[in-house]
Amino acid sequence: MKPLVRNATLSGYVELSQSLGIDPRGLMRQAGLDPAGLAVQDRWISGTAVIQLLELSSAAARREDFGLLLAERRRFSNLGPISLVIREEPDVRSAVELLVRHEYMYNEMLHNRLSESSGLATLKVGLEVGEAMATRQATELAVGAFHQVLRNFLGTRWQALSVCFTHAAPADLGTHRRIFGTTVEFNREFNGIIFYGNDLNVPNPMSDPLLRTYARQYFESIAVSRDTTVLDRVRDLIEVLLPTGRCSIEQVACSLGVDRRTVHRHLAASGETFSSLLNTTRAQLAEHLVANPRRSLTEISGLLGFSAPSAFSRWFRERFGCSARDWRAQRTRQRRPDEEQSPSTARRSPHR
């Protein structure tokens, strides 16, 4: 299965493209990506499609610095849930090590390594694509994003000793020097950032020791294994796609960067079909949503991907054997404490 990245990787893409006079949605469709899907930041999409999109956009805008310009627009929040944790890490070292160790939680193509020697720290940034393709823009986006993270911790005046790229220098170095300074180098043996090792020991000014424990506990509760199965991926995509009304085997396959037959084959190996997994996932979500009296049944119908409330009602009755309204009422009665058995009732005098 091809590597995936979070939609948030393209945060700011539409705005940047429009500012450069190119058509972002047309280019996304050309790369096989759904423009409407960008609204869901936690949705996973094909990493190779993103790489292709960045190269197409660079060519259309005639800007060799397209990936770097996109990196300038990155924020901590683009990293997803892990951003909540690194904000509370005590120093730069622990924050960077956390990002490297859990890189697969926000980008499955990344293969980074942090090392120290002779007072210097080297953060090597690698992309494992699995096929031969141009990756200049994606590489500059990744290196630029890590550079942004370091500056968030070390201050906007901080500069690396060297920012390295394996590819050749662009015709215009203006953007690279504005962001990295004069220490940017090309035709090097690796992509990454070299800086003083002591920078890793700088305390994190954003950290709140009282929040750190809570942030870690939250992260551990949502952290996923690096060995996530195809079944897990498809289930996650179904949850994300259902509210959009475009949850289909074709859309899931597109997000995974494969064809529908490949998805069917992997699901069959787990004893599932797309329809069975869709129904099971939808039922699990329905139980949670319908039990919440603050959500209307019409709203729930949309969140579960039904085109009309009547379709949701028929499906729910077939699945659960009663109407959603009756199911909710029954759950409410089950949760409500039995007044006759409550402590206050038990203590009450029968003559009062």
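How many cavities of 30 Å³ or more does the structure hold? The model, which is predicted, holds two. The largest of them is described below, after the overall features of the chain.

The protein chain has 352 residues, and 47% of them are buried. Its secondary structure consists of 17 helices and seven strands. Along the principal axes, the C-alpha atoms occupy a box of roughly 85 × 50 × 40 Å. Contacts between residues at least 6 apart in sequence were also examined. Of these, 69% link residues at least 24 apart. The accessible surface amounts to about 18000 Å². Carbon and sulfur atoms account for 48% of that surface. The chain carries 45 positive and 38 negative charges. The mean positions of the two sets lie 5 Å apart.

Empty space inside the model was considered next. Rolling a probe the size of a water molecule over the atoms reveals where such space remains. The largest cavity has a volume of about 320 Å³. Its lining comprises 24 residues. R74, Y106, L110, A142 and A145 are the closest of these to the cavity centre. Helix 3, spanning 47–61, supplies at least two lining residues. Helix 7, spanning 136–154, does likewise. The greatest contribution to the lining comes from helix 7, with eight residues.

Helix 7 also contains F146. Is F146 buried or exposed? F146 has a relative accessible area of 7%. Buried means under 20%, so F146 is classed as buried. Its contacts, apart from neighbours within four places in sequence, are L99, Y106, L110, N112, L123, V125 and I193. Two of these partners, Y106 and L110, are also among the residues closest to the centre of the largest cavity. The partner L99 is 47 residues from F146 in sequence. In space, the C-alpha atoms of F146 and L99 are 9.5 Å apart.

A second buried residue, T175, lies in helix 8, which covers residues 174–180. The relative accessibility of T175 is 10%. This value is under the 20% cut-off, and T175 therefore counts as buried. Which residues does T175 contact, leaving aside its neighbours within four places in sequence? The partners are R63, D65, L68 and L69.

Conventions:
Residues are numbered from 1 along each chain as its sequence is written. This is a predicted model: local features need pLDDT of at least 70, side-chain atom pairs count only at pLDDT 80 or more; totals for chains, interfaces and linings use all residues. Side-chain values use heavy atoms; hydrogens and water are left out. Helices (H or I, at least four residues) and strands (E, at least two) are DSSP runs, numbered from the N terminus. Buried means under 20% relative accessible area, exposed over 50%, partly exposed in between (1.4 Å probe, protein chains only). Contact means heavy atoms within 4.5 Å. Accessible areas come from the Shrake-Rupley method with a 1.4 Å probe; for residues, only the protein chains shown count as cover. Lys and Arg count as positive and Asp and Glu as negative; His and the chain ends are not counted. The place of a charge is taken as NZ of Lys, CZ of Arg, CG of Asp or CD of Glu. On a 1 Å grid over the protein atoms alone, a cavity is a set of points where a 1.4 Å probe fits but cannot get out, and a pocket is an open set with protein on both sides within 12 Å along at least five of seven lines; lining residues have an atom within 4 Å of a point. Grid points are joined across faces, edges and corners, and a volume is the space filled by probe spheres set on the points.
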